[in-house]
Structure formats: C-alpha cells, structure tokens
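Visitor: I should like a close look at one part of this protein. Could you please guide me through its salt bridges?

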Amino acid sequence: MGKWFPKLYDTLMGPFERRGFGAIRRQLIQKASGEVLEIGSGTGLNFPFYINAKKVTAIEPEPLMRQLSIQRAQQAQVHIELMSANAEKLPFPDNHFDTIVCTLVLCTIPDPIKALEEISRVCKPDGQLFIFEHVKIDHPFLGPLQDRLTPVWRRLCDGCHLNRPTLDLVKQSNFKVINEKRYYKDIFIVAEAIKAGL
Ligand SMILES: C[S@@+](CC[C@H](N)C(=O)[O-])C[C@H]1O[C@@H](n2cnc3c(N)ncnc32)[C@H](O)[C@@H]1O
C-alpha cells in the first residue's frame, strides 16, 4: 500500500462522511453487540459509533492506517483492541464473535471468498454480519463503467474493486441476509446477515 492513501483517507472521505456515510455508519454500528470483530478498520471511522458492544477487536493489516486509528480507539465508548491481521487468515478460534463488521472493505480484500469463509468460521452459530459496501450495479451504463474504471481505480485506491458483487458473495457464503438497504443509485448497500449454519 502506498503511504499517500492512508494519509489522505480521512480527508477524501470527509465530504462523504458528512453528507451521509456518517449517518449510515451510526445506524449500523450502534446495533453491533457482544464480542465484535471489525475487519479492516482503517482509520477507525466506525469507532465512535460503537455503544452497545461489550468489546471490539479491530483488525487492520496496514500499519499506518492502524496508527491513524489509535486516537479514535482511545476515545471510543467501548474497549477497542487494535490488531494486525488479514481477513483471509483470522487469528481467532472458531465460533468466537457475536457480531462481525465490514465497512468499505470487502471491495479491497484480495480474496473476499476466503475472507467470508474465515468470517463465518470465527462467528458464533447465532452471530451476525453487518456490511456497508459499494457493489457492482445492474445498470446498462453505470455497470460497464464500473468495469472499465476498476483497473485504474484499483491502482489509485489501494486495491479497491468498484465492480465487486459483494452482496452476491455474501449471499453465496455461509450467511443469510435478513435485511438489506440500498443507497446512492443502488451503488452502496447496507446489509445485516446471520450465520446460516454448518
Ligand atoms: C477503503 S479502506 C476502509 C476502512 C474502513 N473499514 C472504513 O470503513 O473506513 C479498506 C481497508 O481494508 C484494509 N484491508 C486491505 N486488505 C485487507 C485484508 N486482506 N484483510 C483485512 N483488511 C484489509 C485496508 O488496509 C484498508 O484499511
């Protein structure tokens, strides 16, 4: 990862956070309860919104991102433990977490199918997965545009795939989506899913 992306992340996200993402995050994250695992927590933009979690374990493989999130972790209302780890190989036992949170991260993880397998493994049998992601849309002009922009976008935004069908991947994984909402011409989705069983 280039150093400029973590350094500029909060500045680039600022207008989006103020105009809607912040409210979306608040609504979703305040519902996270019990032992929570956040995947690829970046600069910690979700941290202020945890109010019902018993404890949050936040994994973030990029050292500068992790460093930039320390202040938000310290100011959070619940205990947040920051760790370096990759979603494709989670250093936790089976059936450990009550809630797993992925925001704007399944688009970037190199192997999202493996990551969802790992997320399912560490999620308790009655646990839940919360996601807020952008996805490939079914639109005659915007869908192909997402495909065309993705190679350049990936280089600029540290591996982010504009055209990843993340909600479909979640539906094909070991989670059952029980609630989904779409935003901004259906490009962004918020979904709540429960572990589907063995
Ligand atoms: C676009 S940022 C999103 C940060 C944060 N989740 C948010 O909502 O603002 C994507 C994050 O995914 C992290 N990431 C990339 N590959 C990952 C992996 N294999 N496992 C976990 N996180 C990863 C990056 O380091 C980066 O912090």
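Guide: What follows is an account of the salt bridges, with a short look at a pocket at the end. Please keep in mind that the model is predicted. The count comes to eleven salt bridges, and three of these pairs are described here in turn.

Let us begin with aspartate 10 and arginine 72, which form a salt bridge whose closest N and O atoms are 3.0 Å apart. Aspartate 10 belongs to helix H1, while arginine 72 sits in helix H3, residues 70–75. The two residues are 62 residues apart, and the pair thus links distant parts of the chain. Is aspartate 10 buried, exposed or partly exposed? Its relative accessible area is 29%; buried would require a value under 20% and exposed a value over 50%, so aspartate 10 is partly exposed. Arginine 72, with a relative accessible area of 25%, is likewise partly exposed.

The next pair is arginine 121 and aspartate 94, whose side chains meet in a salt bridge at 2.8 Å, N to O. Arginine 121 is found in helix H4 (residues 112–122), whereas aspartate 94 lies in the loop between strand S3 (80–83) and strand S4 (97–103). Because of these positions, the pair ties together parts that are 27 residues apart in sequence. Arginine 121 has 25% relative accessibility and counts as partly exposed. Aspartate 94 is also partly exposed, at 48%. This pair has a further partner: Asp94, Glu118 and Arg121 are linked in a network of salt bridges.

A third salt bridge joins the side chains of aspartate 98 and lysine 124, at 3.0 Å from N to O. Here a residue of strand S4, aspartate 98, is linked with a residue of strand S5 (residues 123–134), lysine 124. They are 26 residues apart, and this pair too links distant parts of the chain. Aspartate 98 is partly exposed, with a relative accessible area of 22%, and lysine 124 counts as partly exposed at 26%.

Finally, helix H1 leads us to the pocket. The second largest pocket holds about 150 Å³ of space. Its lining includes Ile24, Gln27 and Leu28, together with Asn179, Tyr183 and Val190. Helix H1 (4–29), strand S6 (175–183) and strand S7 (188–195) are the elements that give two or more residues to this lining. Strand S6 gives the most, with four residues. By character, the lining divides into four nonpolar, two polar and four charged residues.

Notes: Residues are numbered from 1 along each chain as its sequence is written. This is a predicted model: local features need pLDDT of at least 70, side-chain atom pairs count only at pLDDT 80 or more; totals for chains, interfaces and linings use all residues. Side-chain values use heavy atoms; hydrogens and water are left out. On a 1 Å grid over the protein atoms alone, a cavity is a set of points where a 1.4 Å probe fits but cannot get out, and a pocket is an open set with protein on both sides within 12 Å along at least five of seven lines; lining residues have an atom within 4 Å of a point. Grid points are joined across faces, edges and corners, and a volume is the space filled by probe spheres set on the points. Ala, Val, Leu, Ile, Met, Phe, Trp, Tyr, Cys and Pro count as nonpolar, Asp, Glu, Lys and Arg as charged, and the others, Gly among them, as polar. A salt bridge is a side-chain nitrogen of Lys or Arg within 4 Å of a carboxyl oxygen of Asp or Glu. Buried means under 20% relative accessible area, exposed over 50%, partly exposed in between (1.4 Å probe, protein chains only).
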